[in-house]
Structures are given as structure tokens and as C-alpha cells.
Amino acid sequence: MPRTSRIQRLRDLSIEDRRKSVADAAGLDLAAIAAFDPAHGLTTALADHMIENVTGILGVPIGVATNFVVNGSDVLVPMATEEASVVAAASNAAKVARVHGGFTTSSTAPIMQAQIQIVGVADPEAGRVRLLEAREELIALANAQDPKLVEFGGGVRDIAVRLVPSRAGTYVVAHLRVDVRDAMGANAVNTMAEAVAARAAEIAGGRSLLRILTNKADLRLSRARAVFDAATLGGPDVVDDIIHAAALAEADPYRAATHNKGIMNGITAVVLATGNDTRAVEAGAHSHAVSPAGRYTSLSRFEKDADGNIAAVLELPMPVGLVGGATKIHPAAQASIALLGVRTATELAEIITAVGLAQNFAAVRALATEGIQRGHMSLHARNIASTVGATPEEVPALVARLVADRKVRADHAEKVLAELRAGR
């Protein structure tokens, strides 16, 4: 059957039945996502090959966001997160976006950069020009380090040279701009920088020091846009309030920090589920949120379109890959890639960006209407109920009382649970 991201009442099924429904909706054999079951997921033996001094494995819940349409195709999105309401909020926002066709995405080429810091150059301006004159030589030297990448259509596309004044002097900093294809690219660009550094320093007339990629991946951008229907949201007043809330994030860095955190709630969950580098993506995103004027601002923009709907856009660096790293080692990451059905790193990056926009819209909508706590309350109450020892049979009644009392706290939960048990 064709892939669909619409699964009715998924939350009402058992975990095993959810897994089967998700596999069926994605057109996959159940075995393709078996690694979502901890019994078939990452083992300590595999973990021991991933990092040093392995002593165990930390489990993180993986949920599946539904309702997503990205570039006309239905997508089920695996999200690894410990935070309640994230998966539900993304699914709800995606449902609203479906009214006008879902999310449309685009990307630049997968260009990552490595920096070579050259110190002690007597004539930095002339050193910069000498390096640019040696562009072809340096590109050839770098590409020789990874002939396989070049064979697949990647490799160094250009060299840029910057002068960076500092309190310790002016540095000549050469950038290798590398098309890394379907890799995140850190290993490839670092290897190239190491190989080129000595020759670059000789040409510039100084000494090479740092030779490492930059996580400010501003040449590797992904974009997502969607239209959120005004009537579905509750009318023009709700639209105006959502736009006011988003405008505050554009103008105020205090609000922008939390606004962007909401975006990253969605992005980081998918990056983690697919075995990619959450720290690299987060560093690139937050550095991109600094405007040319040096002010931290929101990554997304919300506007009212000609029909009174909300037109939302998100653009940010998205350095993720399908080859190498945990993506190829971690069984659950492999299952996540299978569920997404992506074949290139660019496809993955664009879906992740769409999820970030959905998550952002859901949070701003909640803030501008009912307030964030109402949406969080029932989910948080379930966590509290489990914490105080409620059985699965007791959880629904306890959660209902906590929400009704508007006291979602452990001490109140203990009191209510005792009352419920005494009343049996």
C-alpha cells in the first residue's frame, strides 16, 4: 500500500501494535524497525565500538510523529527525546499544515568548511593573495586525500582566505570549501585540512596551527516553508497573536533563545534518532541565529499571507549525513533512516528542517492561545503518576485528578493516589 503519515488513534494502541501500524504505514516489513525494541537495539558490544570506557547504554524514548507531508510525500518521522509533548505537538502542527499541502523544502549544496589557521605571517594581506594564487594546487592536494569522495561527485569546490585580527595578532585563515555529498563531513574536511596545512603555511609565509572544520555550516543550508490555515487555527485574531509572539522573538534575544529552543526540540529529536551529531547541528543553528548586525534573533519568520493565513519559513544550517558515524552502527538509527525512506543526506536535512518548523509553530501557537502549560499538563501528569508509583490501571484516574486540580506535583500526586486507593 502507498506510504501514509496519517495513522488514526496511534496513541491508543499498545507499543507493539503501534510499531506494526507504523511499519505498515511506511510500507516496511516489521523487521526493518525491530531495533526500536530495546531487546533488538544497541548492544553493549556495539556500544563498545562507538565510544571509550563503555559501561552501559542510556535509553531514550523514540516516538513517531505523524501527519507530515514534505514536498508532496507523506513521511513518518522518528523522534528521540525525553521531553513530553514534543512528538504530539509536531504531529498536530503537521496536521494543520496538511490543509495547504504540508511543507515545501529546499537546500544548498552540502558544503562543509575546514579552517587552517596560519600564524606569524609578516605580510598578512600579501599572504592572503599568495594563497588565492595557489588555489588550484591546494585544491588538488586536498582532493588527493579522498579520491572516493571525488569519485562520488564531491571534493573541494573552492578556497577562501580571511584575515582575522585578534589580541595576539592578525591570523591568516584559509577555508577549504568541500562538497561532502551524503556525509556529515567532519572526518573528510579535517583530513584534507591536515594534509594541506603545511603547504598553505609555506605559501603564506607563516606557521600552521589549528586545522579543523567549522560547525558554522552557513554554506550548507536547508529551508522549509508551510502555510497554516487561519480558519483551522481559530480565525484572524489567533493569527495576529501568533504573529505578535513570533515578532517578539525576532526583536528580543531573551525571547529568541526560548523560541529557537522550541525549534531545536524537533530538530534535535530527529538528528538523535538518525544517529547524527546533535551538538554540531545545534552549534550551527545558534550561530546562524546571530544577525549580520551581531544580534541574536529567531531562526524562523512568520507572516500573514494574502488570504490571512500564516506563512512560516525556517532556514538554518543542517549538517547531517547518511554515511559514517553512529548512523551506520546504531541499529535504531538504521531503523529510523528506513522509516523515513530517505536516500540522500539532503532529503534527511530537509525533513529535519520541516520538523523544526512544525515544532516551532506548535509552541508559538500554544503560547499565543492557551499557554504552554495546558498542553504540557496532561503529559507531565503521566510522568508524575509513574514517579509516585501508580500502576498502569491507576494512571488515567490519577492524571485526570492532577489536571483537574491544576496541581501537577509529586506531593499532590501522592496524596491523590492514596485517596484513590483508599476509596477502592
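Q: Before the numbers, what counts as a contact here?
A: Contact means heavy atoms within 4.5 Å. The model is a predicted one.

Q: Fine. Of the contacts between residues at least 6 apart in sequence, what share joins residues at least 24 apart?
A: In this chain, 71% of them do.

Q: How does the radius of gyration of the chain sit against a compact globule?
A: For 424 residues a compact globule would come out near 22 Å, and the chain has 25 Å, which agrees. Along the principal axes, the C-alpha atoms fill a box of roughly 85 × 50 × 45 Å.

Q: And how much of the chain is buried?
A: Buried residues are 47% of the 424. The exposed surface of the chain is about 20200 Å², with 54% of that supplied by carbon and sulfur atoms.

Q: How many helices and strands?
A: There are 17 helices and 10 strands in the chain.

Q: Which residues touch the most other members in the largest nonpolar core?
A: Phe68, Val77, Met79, Phe103 and Phe228 do, in a core of 59 residues. Helix H14, residues 345-368, gives the most to this core, namely 12 residues.

Q: Any other core, and what is in it?
A: Another core of 34 residues lies apart from that one, and its members include Ile116, Val156, Ala186 and Ala280.

Q: Back to Val77. What is it in contact with, leaving aside neighbours within four places in sequence?
A: Val77 is in contact with Gly63, Val64, Ala65 and Phe68, and also with Val270, Leu340, Ile351 and Val355.

Q: Switching to the sheet of four strands: what is the strand order?
A: The order is E3-E8-E10-E9, in an open sheet with antiparallel pairing.

Q: Why is one side of E3 and of E9 left without a neighbour in the sheet?
A: Strand E3 (104-107) and strand E9 (300-304) are at the edges and have a single partner strand each, so one side of each has no neighbour in the sheet. From one strand to the next, the twist averages 15 degrees.

Q: How many bridges join E8 to E10?
A: Eight bridges join them, between residues 221-228 of E8 and 310-317 of E10, and the two strands run antiparallel. Ala224, for one, has Leu314 in E10 as its bridge partner.

Q: Which strands does helix H9 lie across?
A: Helix H9 (residues 236-251) lies across E9 and E10, and runs at about 145 degrees to E9.

Q: What about H14, which strands does that touch?
A: H14 packs on the sheet and touches E3, E8, E9 and E10. The direction of H14 makes about 45 degrees with that of E8.

Key:
Residues numbered from 1 in each chain as written. Predicted model: local features only at pLDDT ≥ 70, side-chain atom pairs only at ≥ 80, totals over all residues. Heavy atoms only, no water. Core = buried A, V, L, I, M, F, W, Y, C linked by side-chain atoms within 4.5 Å. Buried < 20%, exposed > 50% of the residue type's maximum accessible area, 1.4 Å probe, protein only. Pairing = 2+ DSSP bridges. Axes fitted to C-alpha atoms, helices over the stretch in contact; angles between N-to-C directions. Rg over C-alpha atoms; globule rule 2.2 N^0.38 Å. Areas by Shrake-Rupley, 256 points an atom, 1.4 Å probe, with all protein chains shown as cover.
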